[in-house]
Number of protein chains: 2
Amino acid sequence: MAERAALEELVKLQGERVRGLKQQKASAELIEEEVAKLLKLKAQLGPDESKQKFVLKTPKGTRDYSPRQMAVREKVFDVIIRCFKRHGAEVIDTPVFELKETLTGKYGEDSKLIYDLKDQGGELLSLRYDLTVPFARYLAMNKLNNIKRYHIAKVYRRDNPAMTRGRYREFYQCDFDIAGNFDPMIPDAECLKIMCEILSSLQIGDFLVKVNDRRILDGMFAICGVPDSKFRTICSSVDKLDKMSWEEVKNEMAVLLQTPAQAGEEPLGVGSVAAGGRYDGLVGMFDPKGRKVPCVGLSIGVERIFSIVEQRLEVLEEKVRTTETQVLVASAQKKLLEERLKLVSELWDAGIKAELLYKKNPKLLNQLQYCEEAGIPLVAIIGEQELKDGVIKLRSVTSREEVREQDLKSGQNRDFNIYDGYFIDYWQKWSGTTPFSYKALELNPVSPPLEAAPTRTHRLVFAAFT
Amino acid sequence: MAERAALEELVKLQGERVRGLKQQKASAELIEEEVAKLLKLKAQLGPDESKQKFVLKTPKGTRDYSPRQMAVREKVFDVIIRCFKRHGAEVIDTPVFELKETLTGKYGEDSKLIYDLKDQGGELLSLRYDLTVPFARYLAMNKLNNIKRYHIAKVYRRDNPAMTRGRYREFYQCDFDIAGNFDPMIPDAECLKIMCEILSSLQIGDFLVKVNDRRILDGMFAICGVPDSKFRTICSSVDKLDKMSWEEVKNEMAVLLQTPAQAGEEPLGVGSVAAGGRYDGLVGMFDPKGRKVPCVGLSIGVERIFSIVEQRLEVLEEKVRTTETQVLVASAQKKLLEERLKLVSELWDAGIKAELLYKKNPKLLNQLQYCEEAGIPLVAIIGEQELKDGVIKLRSVTSREEVREQDLKSGQNRDFNIYDGYFIDYWQKWSGTTPFSYKALELNPVSPPLEAAPTRTHRLVFAAFT
């Protein structure tokens, strides 16, 4: 480090020397010579590794969500949550970590994939591995006998990630579960209904729901001569049929068995995107008195669904808006920052999604360009003429059509087919504290769709000024 | 353990002996004598500590969210997200943990509060301590020069929890930040506007916004003779004025200084619920070339807000619905499970939030009671008479008013003021595959509010059957 500091000092001095010679307009040869010395010193110095050392990345198997990915995520969650609510579910949340012992003995061999927290004094903690065990802990802790709830949250597994196929170490699960003593198969049937409703609504293509009962599989294994001690192991081999070929799975089974079990080899798809089943014994493992609460539920593997939707959007080159801004407040001349701030503030207070550029004197062209890039449909323009006339100009970004107060003098409604996605409902009266008398406008998404011509799904209505 | 097993065996044998004597109707004295021996053995045995050992709890400083708490949380988030979107913000998300070195050197003394993950091979990880450092890492990693984004997520601090006052080790932060080179103070002003809009919309009472510039404080300290090396320490003393009295803070400062600094003692409120400021140097700490991206932002302390709202709801004894179910599908007689399933399924497919009881033959009274407890406003009742007549009966849970097909024969719309919160828009035609001909109904929240009499904010419209 001391050597490096000395070298840095030399580079600095040599730099000053070069600058000095340039200022003194020394001969080109001399300057060239000293510059060459400087470059040599710099090469000797190299990059500062103590500053460069850290890698700029997210941990292995994890990712950030960009605004575009968040737009996809919110759309998918919206479909799922609407379905869960349609089925009368409540919602709960639990901490991201649990006492380590809460997770102990619940996941068999997979326990090695659990993330533990460092022992920094106090309790031993682990990140949740799924949402089912925390749910069972919640039921036992609160002595609940029945609940129908959903829970959407991230879970953590130190697995081998395959991120392009939507397999992460940090990933979302969307769980819906029904706990309680009910007449047989009614809650189970609802879980299947929910799974079908969600997969249909998401429009990600055809899907196949496989229904089974572990007891049938257990019976088959028993007949094939699988010893009890190997049941768990052979089940996880069967599980792999989704990801591996039958040949590979068969080889794995052959190690376990004299006579390999028979099974059909189903065509391979994108893999499973949802799963579920009964877990009647789990809550009892937490209850001090072993009190049982039978449960059935399902889990949607949304990460894989995110991947499918994202890939489709890329193929279609579909533009995804990442904000919901309805109008940009712009100025046509300089020195109108205060007026822009007043108008945008009035719009915000009226519940309108509005923005302005963070520049004192932005060019009109830059403001319009910003709208085009961000997909903002409307610009409200203040200029010197508008201030004089006491109006604002409203402009459609795509059609460039403009409206000023003059156009509204007749008092009649006027229809436009220019403002995608928004329905200007009415103008609110401006408070009158400003030097000019424009009015705040309210923009609402069209709901329900207007019964206009099929090509025209939105309309713009101006109420005349009072 | 071997001793315990022997004792357990003795208890078991003695128990069998007592049962045998009872079966043989032995004399009361003999039975009493043997029961006394049994009790003594059981007392010797004591509780099985190996089975009882684990404690049913969430980790220190964390909590579950019950459905009721989630209802509060969703309402608060809704206000905040609507405001962030109104201001044109995009949204991002980052992993719950970061590389440990990403957090190193960013939090000064508070670094000791960071949760580290256990070294299980691979990267060294820590749970995020706030959303600002991951945001700066995101900007540097993606070489972004400007973005306006919000981020709502849990952060983790191994602090001393004070859960009744909303201080947790796992807690939500709601951050809004503007990154980029802009004209001075315009983004800063928007952050203040956002803070005021959110705190006003939440209706949690009056609030005071304190604006300052650290450079002013630094100047004051310099004049008071605080050495540069003590700046950080004395700043964190000043920070404590929110929680501690001036006397206590003064004593803390006196240890640092000869002449204690002067400061007013402000009246104590519920403490700070939001904070923000500039951090122009942070992104540069991540950028390999030290490229700077000035940033300004704010963070809403929602946990304290949740506490305030929850306490107020408790005081007001306000009923909070934890589901959005609009109608319960019920039956008046036995053996109608299939018909109930068909109707509820039709309702779900029509987008109506509906439930049924998971019993083959539930009593009508129990079904109505369920509606009252869950706050479900409507029951659709199928009975033998209804099946014969080919209709369903729709009943308001609170007013007990009922409507059958007969009432609708006239073909006229009919207004009711009975169904709180919902607007029955129209009946959908039933597919006709069932033995009876009831129709699915669509329930919509009223939007926009009807221009009816002030006492009547909702209305029920029946279209006549075709």
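The following exercises, each with a worked solution, concern aromatic pairs, salt bridges, surface residues and domains in a predicted model.

Because the model is predicted, local features need pLDDT of at least 70 and side-chain atom pairs count only at pLDDT 80 or more, while totals for chains, interfaces and linings use all residues. Residues are numbered from 1 along each chain as its sequence is written, chains are lettered from A and ligands numbered from 1 in the order in which they are written, and side-chain values use heavy atoms, with hydrogens and water left out.

**Exercise 1. Aromatic pairs**

Task: Classify the ring pair A:Tyr107 and A:Tyr129, and state where each residue lies.

Solution.
Step 1. Rings of Phe, Tyr and Trp (its six-membered ring) pair if their centres lie within 6.5 Å; planes under 30 degrees apart count as stacked, over 60 as edge-to-face and the rest as tilted. Over all chains, the structure holds 18 aromatic pairs.
Step 2. For A:Tyr107 and A:Tyr129 the ring centres are 4.4 Å apart and the planes stand at 50°, so this pair is tilted.
Step 3. Helices (H or I, at least four residues) and strands (E, at least two) are DSSP runs, numbered from the N terminus. A:Tyr107 is in the loop between helix H5 (100-103) and strand E3 (125-127) of chain A, whereas A:Tyr129 is in the loop between E3 and helix H6 (132-141) of chain A; the pair links distant parts of the chain, 22 residues apart.
Step 4. Buried means under 20% relative accessible area, exposed over 50%, and partly exposed in between (1.4 Å probe, protein chains only). A:Tyr107, at 10%, is buried, and A:Tyr129, at 5%, is buried as well.

**Exercise 2. A ring pair between chains**

Task: Describe the pair A:Tyr115 and B:Phe97.

Solution.
Step 1. The two ring centres lie 5.2 Å apart with planes at 45°, so the pair is tilted.
Step 2. This pair crosses between chains: A:Tyr115 is in the loop between H5 and E3 of chain A, and B:Phe97 is in strand E2 (residues 97-99) of chain B.
Step 3. The relative accessible area is 3% for A:Tyr115, which is therefore buried; B:Phe97 has 0% and is buried.

**Exercise 3. Salt bridges**

Task: Locate three salt bridges and state whether their residues are buried or partly exposed.

Solution.
Step 1. A salt bridge is a side-chain nitrogen of Lys or Arg within 4 Å of a carboxyl oxygen of Asp or Glu. This rule gives 54 salt bridges over all chains.
Step 2. B:Asp116 bridges to A:Lys118, with the closest N and O atoms 3.6 Å apart. The contact crosses between chains, and each residue lies in the loop between H5 and E3 of its chain. B:Asp116 is buried at 7%, whereas A:Lys118 is partly exposed at 41%.
Step 3. B:Glu34 and B:Lys37 form a salt bridge of 3.3 Å, N to O. Both lie in helix H2 of chain B, 3 residues apart, about one turn of the helix. B:Glu34 is buried at 3%, and B:Lys37 is partly exposed at 43%.
Step 4. B:Arg63 and B:Glu310 form a salt bridge with their closest N and O atoms 3.8 Å apart. B:Arg63 is in the loop between helix H3 (49-52) and helix H4 (67-86) of chain B, and B:Glu310 is in helix H12 (residues 302-316) of chain B, so the pair ties together parts 247 residues apart in sequence. B:Arg63 is buried at 13%, and B:Glu310 is buried at 17%.

**Exercise 4. Positive phi angles**

Task: State the phi values of B:Lys25 and B:Lys335, and decide whether each residue is buried or exposed.

Solution.
Step 1. Phi of B:Lys25 is near 50°, a positive value in a residue other than glycine. B:Lys25 lies in the loop between helix H1 (2-23) and helix H2 (28-45) of chain B and is exposed at 73%.
Step 2. Phi of B:Lys335 is near 60°, again positive in a residue other than glycine. B:Lys335 lies in the loop between strand E8 (327-331) and helix H13 (337-349) of chain B and is exposed at 75%.

**Exercise 5. Domains**

Task: Give the domains of chain A and the separation of the centres of domain 1 and domain 2.

Solution.
Step 1. Domain bounds come from an automatic or database domain assignment. Chain A is divided into domain 1 (1-45), domain 2 (67-207 + 273-315) and domain 3 (327-418).
Step 2. Taken over C-alpha atoms, the centres of domain 1 and domain 2 of chain A are 63 Å apart.
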